[in-house]
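Could you walk me through this fold with a few questions and answers? I would like to look at its strands and its empty spaces.

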Amino acid sequence: MTFVTNQAPYGGKCMADPVIGYAATTAFKISCNGWKDEGISRGRNDTRDTEAQNFLKFAFITSEKDGTDVKNTTFQIGGEMTTNEIYLPMGDPENNYTLRLLVYIYDVYDDYNVSEITITSRPPITSNDSYAFNELFDKYDNTFAMVDKSGNNIALMRLMESTASTYKDLTLL
């Protein structure tokens with residue numbers, strides 16, 4: 001008896017732009033290019049698989065340490081291989097504010113490959129200056145109004161989560 005199995009998507013990469021920014025205030029773009037899959041064909045063939053453009057699904061996830069646990073949060077899933085203007089939470093302060101992004105690339109059989117991106121997402125302010133606080137809140141209000149007007153509730157929740165991640169370390173005088 002012979003079993004033929006599916007193979008995971010291959011050949012691509014995912015990147016972030018910029019790779020260094022500020023939580024809740026920097027609009028990050030995550031893009032994936034060059035991914036291909038054999039689909040229903042047997043075996044991989046770069047030329048055929050590139051031309052076939054078989055459907056792939058992309059799941060974009062932040063992976064954060066929460067004490068000894070790891071918290072994975074999906075912020076976009078679907079056929080789009082790029083995210084635009086994503087406001088991410090603050091990275092791990094104990095690790096130079098690094099934040100792991102995972103992109104799962106699925107084929108039609110739900111076999112997958114994972115691309116990992118490490119970015120730096122710093123706190124938007126680092127002092128207890130009331131002017132800096134006001135500026136941060138004004139920027140958030142403006143961004144919130146713009147995202148709310150778009151009607152994209154998922155983007156709105158992402159913005160609120162990324163902003164909340166910065167508030168836990170603020171000290172108001």
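What follows is a short exchange about this predicted model.

Me: Happy to start broadly. In what order do the elements of the protein chain run from the N terminus on?
Reply: Let's begin with the inventory: the protein chain has three helices and eight strands. Read from the N terminus on, the order is β-β-β-α-β-β-β-β-β-α-α.

Me: Thanks! What share of the contacts with a separation of 6 or more comes from residues 24 or more positions apart?
Reply: The chain has 173 residues, and 39% of them are buried. For contacts in the protein chain with a separation of 6 or more, the share from residues 24 or more positions apart is 59%.

Me: Now to the strands. Which residue of β3 is the bridge partner of C14?
Reply: Strand β1 (residues 13–17) pairs with strand β3 (residues 27–33) in the antiparallel sense, over five bridges. Within β3, the partner of C14 is C32.

Me: And which residue in β6 is the bridge partner of F28?
Reply: β3 also runs antiparallel to β6, and four bridges join the two. In β6, the partner of F28 is I86.

Me: Let's stay on β3. Is S31 buried or exposed?
Reply: S31 lies in strand β3. Leaving out residues up to four places away in sequence, S31 touches K13, C14, M15, M81 and T82. Its relative accessible area is 15%, and because the cut-off for burial is under 20%, S31 counts as buried.

Me: On to the empty spaces. Which elements each supply at least two residues of the lining of the largest cavity?
Reply: The largest cavity has a volume of about 60 Å³. Its lining consists of T62, T73, F75, I86, Y87, L88, P89, R158 and E161, so I86, the partner of F28 in β6, turns up again here. The elements that each give at least two lining residues are β5 (69–78), β6 (82–87) and α3 (153–167).

Me: How do the residues of that lining of the largest cavity divide by class?
Reply: R158 and E161 are among the lining residues, and Arg and Glu both count as charged. The full division is five nonpolar, two polar and two charged.

Me: One last stop. How much space lies in the second largest pocket?
Reply: The second largest pocket is lined by 13 residues, with W35, Q53, N54, L56 and M81 nearest its centre. By class, that lining has five nonpolar, five polar and three charged residues. M81 is also one of the residues that S31 touches. The space in this pocket is about 220 Å³.

Technical notes: Residues numbered from 1 in each chain as written. Predicted model: local features only at pLDDT ≥ 70, side-chain atom pairs only at ≥ 80, totals over all residues. Heavy atoms only, no water. 1 Å grid on protein atoms, 1.4 Å probe; cavity = no way out; pocket = protein on both sides within 12 Å on 5 of 7 lines; lining within 4 Å. Points joined across faces, edges and corners; volume = space filled by probe spheres on them. Pairing = 2+ DSSP bridges. Buried < 20%, exposed > 50% of the residue type's maximum accessible area, 1.4 Å probe, protein only. Contact = heavy atoms within 4.5 Å.
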